Amino acid sequence: MKELLTQYEEKSPEIVFYWKDPETEAEGWAVINSLRGGAAGGGTRMRKGLDMNEVLSLAKTMEVKFTVSGPAIGGAKSGINFDPKDPRKKGVLERWYKAVSPLLKSYYGTGGDLNVDEIHEVIPITEECGVWHPQEGVFNGHFKPTEADKINRIGQLRQGVIKVLENDTFSPNIARKYTVADMVTGYGVAEAVRYFYDIYGGTVKGKRTIIQGFGNVGAAAAFYLSQMGAKVIGIIDVVGGLINTDGFTFEEIRELYLNKKGNTLDAPNLIPFEEMNERIWDLNAEVFAPCAASRLITREQIGRLIDAGLEVVSCGANVPFADKEIFFGDIMEYTDKQISLIPDFISNCGMARVFAYFMERKVEMSDEAIFADTSNTIRRALQNTFNHSGAKTNISSTAFEIALKQLI
């Protein structure tokens, strides 16, 4: 696996598109790792301090993810080095998408990512640039449908991603009109835990769980895990956190979801971040779902969780460990050898799978069908990994080997 990984990481990307905004200090990159299958896909992120190497690593991560989620295309990513809180953000995005629109028409499909909203920013701005849908390039480059079929599938994709959830199994509150895009990634993180225990032995019910990050992914993962019967005992977010060693009830988790302020945890009894960051890594929990930003978890933090009884990690964040390597650094390798580590390209593939589901054929548009498709995709990936090795350790290593053999 290590040889395959080195070979994959060191291979130069096929296309690197650089852009300098003429009106602000913003700069951006679209990195297309390969045009496998005639196209490439990956979202658009914005943050101050972002560089081309970050975009490249994310593009390679997307290509691995597509081996699980489909379609069988290359990985790509767009990144803009700019403060997303700057009031000039909308103009920056408008000029960026105008610059990359020829790629988006031909062979590159994008979507939302860190600090860039799929529904309110990506879709309307790309439409203004003459792009039918942010995934149009994947249709044209990979699927090559007839014009009529393309129109039908793009309509299905447009409708499906922003579909308002109608089933209260999947929505914390139907009246709030949460969409598929709001909930499906966190759902996948929770389903990965459920299937881990189903396949490798045990049950998710009663498992003490820690959630890192309480944005869309972390809050949804907490909601679904609690619904399954797991006991969420700790939540750490950028503003602070909460601990209840007996486990929060499902109704309490649901209320925390409904009361979050934007993408952050909001509760009257928040423990300050500094104190929370001291205490949470020593809680006795079997399940850990890192759903905050990439590259945060240190060797010391994961070591303390393992010493306290951790069994499985289900990654909601891409590359959650503070390694410098693109994929399999020392911290990730240590974790994989000690406990069960479900890699991000399986556990957080929900949104990528939703895109693939709506692009591939005429499909059922119900909540149940959409979420079942993501669930089944994650189950198959974990079952395939188990079939290669039934050991509860080195799960990520085995999954990477399966993926890389498809790419090299």
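## Strand pairing around β10

Two strands count as paired if DSSP finds at least two bridges between them. In this predicted model, strand β7 (residues 208–212) and β10 meet that condition, being joined by four bridges and running parallel. One position in this pairing is given by Ile211, whose bridge partner in β10 is Ala289. Strand β11 (residues 312–314) is also parallel to β10, and two bridges join them. Here Val287 stands opposite Val312 of β11.

Strand β10 itself covers residues 287–290. Val287 and Ala289 point one way from the strand, while Phe288 and Pro290 point the other way. How are these four residues classed, buried or exposed? Val287, Phe288, Ala289 and Pro290 are all buried. Two of them have appeared above as bridge positions: Ala289 with Ile211, and Val287 with Val312.

## The chain as a whole

The secondary structure of the chain amounts to 16 helices and twelve strands. Taken along the principal axes, the box filled by the C-alpha atoms is roughly 55 × 50 × 45 Å. A compact globule of 408 residues would have a radius of gyration near 22 Å, so the 20 Å of this chain agrees with that form.

Of the 408 residues, 60% are buried. Among contacts with a separation of 6 or more, 73% are between residues 24 or more positions apart.

## Surface and charge

The exposed area of the chain is about 15800 Å², and 49% of it is supplied by carbon and sulfur atoms. The side chains include 45 positive and 54 negative ones. The centres of these two sets lie 3 Å apart.

## Helix α14 and its cover

Helix α14 spans residues 350–360. Ten of its eleven residues are buried, so the helix is largely enclosed by the rest of the structure. The buried residues are Gly350, Met351, Ala352, Arg353, Val354, Phe355, Ala356, Tyr357, Phe358 and Met359.

Which elements cover these residues? The cover includes α2 (52–69), α4 (118–128), α5 (136–143), α6 (147–161), α7 (180–200) and α15 (367–388).

## Arg304 in helix α11

Arg304 lies in helix α11, which runs over residues 299–307. Its relative accessible area is 19%; the cut-off for buried is under 20%, and Arg304 is therefore classed as buried. Not counting residues up to four places away in sequence, Arg304 touches Glu278, Trp281 and Asp282.

## Asn53 in helix α2

Asn53 belongs to helix α2, one of the elements that cover the buried residues of α14. Asn53 has a relative accessibility of 53% and counts as exposed, because the class begins over 50%. Along the chain, Asn53 and Ile326 are 273 residues apart, and their C-alpha atoms are separated by 9.1 Å.

## Leu4 in helix α1

Leu4 is part of helix α1 (residues 2–10). What does Leu4 contact, leaving aside its neighbours within four places in sequence? Leu4 is in contact with Glu401, Leu404, Lys405 and Ile408.

The pair formed by Leu4 and Phe196 is 192 residues apart in sequence. In space, the C-alpha atoms of Leu4 and Phe196 are 25 Å apart.

Methods:
Residues numbered from 1 in each chain as written. Predicted model: local features only at pLDDT ≥ 70, side-chain atom pairs only at ≥ 80, totals over all residues. Heavy atoms only, no water. Rg over C-alpha atoms; globule rule 2.2 N^0.38 Å. Buried < 20%, exposed > 50% of the residue type's maximum accessible area, 1.4 Å probe, protein only. Contact = heavy atoms within 4.5 Å. Areas by Shrake-Rupley, 256 points an atom, 1.4 Å probe, with all protein chains shown as cover. Lys, Arg positive; Asp, Glu negative; His and termini not counted. Charge placed at Lys NZ, Arg CZ, Asp CG, Glu CD.
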